[in-house]
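Biologist: I am new to this structure and would love a close look at a single part of it. Could you pick one small sheet and walk me through how its strands are put together?

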Amino acid sequence: MRTHTRISGLLLCLCAAAALAVSSCIRDDLSGCGVQVEFRYTHNMVGADAFCQEADWVRLWVFDSQERLVSEYMEDVTPVENGDYSIRIPFLSAGDYTFVAWAGSNEIEGDPAYFEFPDLQPGDPITELTARLPRTDDGHHYYPLNSLLNGSVSTGISGELQIVTMEMMKCTHDIRVILMPLQDDAEMEADDFHFHIEDINGTLAHDASIHGADSVIYRPWRKEVSVSPDPTSRTSTISSAMIADMNTSRLVQETGPRMIITDTESGNRVMDIDLTWFLTLQAIGERHQDWSDQEYLDRQDTYSMTFFIDMDTRTWAQTRIIINGWVISLEEIEL
């Protein structure tokens, strides 16, 4: 396990002195003092803890009652068979603190892009802790993103051994768009359409809220046409479909992200839709009735949307779509 800790020498002395003042901490192994921060990721579709499945590393920042940085910890995550994964902070004097954590994955398909974090020093304010999405100079993002989790909790610390539970939320989404031709004999090519998502979620604050209006244009990191190996053996003679894979930072309804599909030949926009509205269509009904639309967006990290395109007119058939396997009839929804 790789561990990195940043803490000021003065603060360490003060924490040690505070520890000695607590009777339960007067022992050589210091097992009766400090804070154990336990990480859980149950804010997903099934409610099961998947922290160790999603995170290969975790960074933890500790801020005091004035929201000034006290210390920072970084570890590689190793699977835990029983209980929650945790980081032990050996010295922390009594007082009010805010704990902020970001965690992420390493092994994903393609050449992954990692969110960028500032190099904070003890005493820096919590407002300077942000997660910024890397992109080109003109604001485009073309790469698959590593999984990114965020959590924050404010609590009082007694000075004795204490457990703090950090509930995490995933802040990245995998979005697959599939275009299917209406005409059975229509053939699609990879350059027939361009895809992109426009949003202002390029930078996240310490609590994963949107920090400023940082514009970003998400482009597919993979786009290809899938051809049926033997269309004549099926009831339908549709022989090809277009697939575009994109990753985004956290999707928030209030930012109004747009997904745009453009006909390459004419330059016309085949589709220009409110992405978050479209994605939450799947949540309509009893299955997710206890969740708000935003909670559904935060819990669901993978989306697959199928649209039907009239290849003769290059227009979108707006009567039916498929989102994560669910057939949505737009004629039955009040727009």
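Modeller: Let's begin at Phe 39, which stands opposite Met 166 in E10. Keep in mind that this is a predicted model. Phe 39 also has a partner in another strand, for it stands opposite Tyr 85 in E5. Glu 38 likewise faces E5, where Ser 86 stands opposite.

Now for the strands themselves. Strand E2 covers residues 35–40. With E5, strand E2 pairs in the antiparallel sense, over 5 bridges. With E10, strand E2 runs parallel, and 6 bridges join the two. Put together, these 3 strands form an open sheet, in the order E5-E2-E10, and its pairing is mixed. The edge strands are E5, made of residues 85–89, and E10, made of residues 162–167; each of them pairs on one side only. If you look at how the strands are angled, neighbouring strands of this sheet are turned by 25° against each other on average, direction ignored.

To place this sheet in its surroundings, step back to the protein chain, which has 4 helices and 23 strands. The chain has 335 residues, and buried ones make up 49% of them. Its accessible surface comes to about 15,900 Å², with 47% of that belonging to carbon and sulfur atoms. You may also like to know how contacts span the sequence: taking those between residues at least 6 apart, 70% join residues at least 24 apart.

For one more stop elsewhere in the chain, find Asp 263, in strand E18, which takes in residues 258–263. Is Asp 263 buried or exposed? Its relative accessible area is 4%, and buried means under 20%, so Asp 263 counts as buried. The side chain of Asp 263 makes a polar contact with the side chain of Arg 314, at 2.9 Å. Leaving aside residues up to four places away in sequence, Asp 263 touches Arg 314 along with Asp 192, Phe 193, Asn 268 and Val 270.

To come back to where we started, follow Phe 39 once more on your screen: Tyr 85 stands opposite in E5, and Met 166 stands opposite in E10. Tracing those two pairs takes you across the sheet in its order, E5-E2-E10.

Terms used: Residues are numbered from 1 along each chain as its sequence is written. This is a predicted model: local features need pLDDT of at least 70, side-chain atom pairs count only at pLDDT 80 or more; totals for chains, interfaces and linings use all residues. Side-chain values use heavy atoms; hydrogens and water are left out. Two strands pair if DSSP finds at least two bridges between them. Axes are lines fitted to C-alpha atoms, for helices over the stretch in contact, and angles run from 0 to 180 degrees between N-to-C directions. Buried means under 20% relative accessible area, exposed over 50%, partly exposed in between (1.4 Å probe, protein chains only). Contact means heavy atoms within 4.5 Å. Accessible areas come from the Shrake-Rupley method with a 1.4 Å probe; for residues, only the protein chains shown count as cover. A polar contact is a pair of N or O atoms within 3.5 Å; within protein, one must be able to donate a hydrogen and the other to accept it, and residues adjacent in sequence count only if both atoms are side-chain atoms.
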